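Please look through the sequence and the model below before reading on. The paragraphs that follow start from a single position on the surface, turn to the chain as a whole, and then visit a strand and a loop.

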Amino acid sequence: MARSRSGTRGRRGPRKPPRRDTGVGPGGVQVLDPRERGAIELPATITVKELAELLDVNAADVIRELIKSGIFATINQLIDRDTASLVAGELGFEVAEVVVANSPREAVAGEEPVAEAATKEVLFEQDDAALLETRAPIVTVMGHVDHGKTSLLDALRTTTVAAGERGGITQHIGASEITKDGRRIVFLDTPGHEAFTAMRARGARVTDIAIVVVAADDGVMPQTLEAIHHARAAKVPIIIALNKIDKPDANPERVKNELSEAGVIVEEYGGDTPLVPVSAKTRVGLDELMEMILLVADLQELKANPKRPAVGTIVEAELDKGRGPVATAIIQTGTLHVGDVIVVGGTYGKVRALENSLGKRATSAGPSTAAVILGLSEVPEAGDILRVVADEKEARTLVEARNLAAAAKTGDASGRATLEDLYRQIQAGQAKELRIILKADVSGSLGAITHALDQLSSDDVRLNVLHEAAGDITDNDILLASASNAIVVGFNTKITDTARRAAESEGVDVRIYDIIYKLTDDIDAALGGLLEPEIVEVVEGRAEVRQIFKVGKSTVIAGCFVTDGRIVRGGARVWRSGKVVATDRIESLRRFRDDAREVAANLECGIGLAGYQELQEGDIIECFSTKTVSRARAS
C-alpha cells in the first residue's frame, strides 16, 4: 500500500515545500505546482526520471532520497510504487492511496502471483511424455588445479585453450560441444583452484555427468575431494578420468586406493564408479572416455521437450564493446529462437542473434545446446536462469519483481572505508565493514572472486560487496562508490577516462588486478588494517624515592635515583611494598635546577606528580607510556 505524507517510516513530518509559481500549460491552461494539486497517483512502476518529472523536481533530488534509503538507482531505473511514494512523501508530496491486486495480471487458478513466482526458479514444468526426445548429456569437468582438466578438454576438441590461460589456470567457465559416433556431448570446463569452489558448484547443478580429473602422478588432492562432494550433492554420476597416465611416475593403483579412502569405489574394485585411464598429451584413452560418457548418459535416459519455450542456465557472460552484453547459455529444455523474448536473472531482452559453440550464427538452439546469446539489455550473472516469456511486457514485470525482491534484501549503505588505513565502527554489533564495488571482465570471474572474498570476513571485520558486474569501470560505479563510501576493485578490466577523472575528483579508491590471488591478498591486508588497534602499555623506567622535599604548603618533590630505563613526563605508578598505591602523571622532571625532558638510568632527578602528594622514601615511581599496535586478524 502506498505511503502518504503522514506515513513515512515513523520519522518526523516531511519538509513543507516552498510554494512555486504557476506556469502555463498547453492551450493556455494554467498549471499548478504538482505539490498543490492534492494527492498524486503513482503507477505500479515508474522510472526515476519519470518520477522527477511528475513531481516537477530535479532528478538528483529523487536519487538523493533513494540513496538515503539504501537504494542506488540510475536516472532510467524502474522503482516500484511503494518506493516512489516514500520518495514523494520525503519531498513533501501527498500520495493517493491505491488498492493493489494480488497479482499484476488476472490470476489463473492455482497460479502464483508474478512477484512471488519471480523469486522461485522452477526449471522444468511437467511435459507430455510423448513430446520428450533423447538429448545430449551435459558434462562438467572438475578436479584439482594442474591435474590437466583444460588440457584434457583441449585434446578432446583439438583446440589450444590451455595455452592462452594466464598462469595455466582456467579462470572462466566455458562450454563446448563434441561429437562422437554422430552423438553430441556438451562439456563445461570449470576452474579447479579452491578459490573457484562456488563456480564449480554452480556448474555441477546444470550437468548430467561429472568427470573428475585426477593426475596419475599426483593422486587425490583437496580440490579433487571438493569436486567429488559437489557432484554427490548434485546427485550427478561420476566418471574418474585418470590423466597423465603416460608419465613415468604414474601410479594408478595408489590413486585407486586414495579414491577408495574418499568413498569412491571404482568398478575394478567392485564399485559403481567408472575409471578411464587417459593422457591429454598422447591422446590415449580419449575415445574410451567419450564412449563411457555416452554409456552413462544412456543409463540415465536423458530426455527433453524441444517444442516448448526454452529454459536454460547462463554459464558465462561478458560485455563486448562491439556487440554489447554477450551470454553463453546451456539450453536444458525447449528450443530458443532468434526473436524470442527472454528473462535472465535481473535482466531481459529479445534474442537478436545466436551463435553455436563454434562461433557460427544459428537461428535456434535446442535442448543440451551451448549457445552464445546477443540482445540482452545488461550483462547477466553466471548461474542465472534463462527463460523464454510471451512478450516484453511480461519480461519487464518479472524483472521488476525480481529486482524489488533483491533490493528488499539489501542492507543500508552507511559506513565508510578505504583500502589502506581508515576504519570505522558500524552500528550493528560493533563490527567493521569494508564496502566494495567489484567489476570483472566476465561474470564467471565474479563468482570466483566473491567466493574468495567471502572467506576473508570474520566476526571482527566484514566485507560487503555492494555491487558486482562484468564490464569496464564506469562513471556509475564511481558515483555509487562515492555515495556509499566504498572502494572500486577491478579484475582484468579497465577504467574509462571519464570514470578515472570522476574517481580523482570524488576521491574514490580504484584498484585493478589481473591475478585473483593478488586481489584477495590486498583485501585481506586491508581488512586487517580495519581492526581497531590495541592500546599497549610500555614501561619506560623506574626510579627509587630517596628523599622528600616540600615546596610550599602542598607540593611535594621526590628526590629520586633512576634504577633502570629512563624517566620521562607522562604516566606514573607509585609502588610501595610490592603494591601500587597510586596511579598519576609526572608533571615536573628536573636535573638539579634545570627542567629535563628525560633522565637516564643511574642518574639522580627530582620528580613532581600532578596529584599524589603522599610519597615516602623507598617508594618506587614507575614511568609508563601507551602506544597503539595493529592487531593481527584471526585466520
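A residue is called exposed when its relative accessible area is over 50%, buried when that area is under 20%, and partly exposed in between. Glu 617 has a relative accessible area of 54%, and therefore counts as exposed. The model in which this value was computed is a predicted one. Glu 617 sits in the loop that runs between β32 (604-609) and β33 (620-629), and, leaving aside residues up to four places away in sequence, it touches Val 545, Arg 546, Gln 547 and Ile 548. Its C-alpha atom is separated by 9.6 Å from that of Arg 576, although these two residues are 41 residues apart along the chain.

With that one position placed, the whole chain can be considered. The protein chain has 635 residues, of which 47% count as buried, and its secondary structure comes to 14 helices and 33 strands. When contacts between residues at least 6 apart in sequence are taken together, 69% of them join residues at least 24 apart. The chain exposes about 31,500 Å², and carbon and sulfur atoms supply 48% of this area.

What part of the structure shows the opposite of an exposed residue? Strand β24 (residues 487-491) is mostly covered, since 5 of its 5 residues are buried. In a regular strand the side chains alternate between the two faces of the sheet. In β24 both faces are covered, with Ile 487, Val 489 and Phe 491 buried on one side and Val 488 and Gly 490 buried on the other. This strand pairs in the parallel sense with β25 (residues 510-513) over 4 bridges, and the bridge partner of Gly 490 in β25 is Ile 512. Together with helix α13 (residues 497-506), the strands β24 and β25 make a right-handed β-α-β unit.

The last stop is another loop, the one between α2 (59-68) and β4 (78-80), where Ile 75 is found. Because its relative accessible area is 38%, Ile 75 is classed as partly exposed. Not counting residues up to four places away in sequence, Ile 75 touches Thr 47, Val 48, Lys 49, Ala 59 and Ile 63. The C-alpha atoms of Ile 75 and Val 62 are separated by 9.0 Å, and the two residues are 13 residues apart along the chain.

Key. Residues numbered from 1 in each chain as written. Predicted model: local features only at pLDDT ≥ 70, side-chain atom pairs only at ≥ 80, totals over all residues. Heavy atoms only, no water. Helix = DSSP H or I, 4+ residues; strand = E, 2+ residues; numbered from the N terminus. Buried < 20%, exposed > 50% of the residue type's maximum accessible area, 1.4 Å probe, protein only. Contact = heavy atoms within 4.5 Å. Areas by Shrake-Rupley, 256 points an atom, 1.4 Å probe, with all protein chains shown as cover. Pairing = 2+ DSSP bridges. Right-handed = clockwise from strand over helix to strand, strands pointing away.
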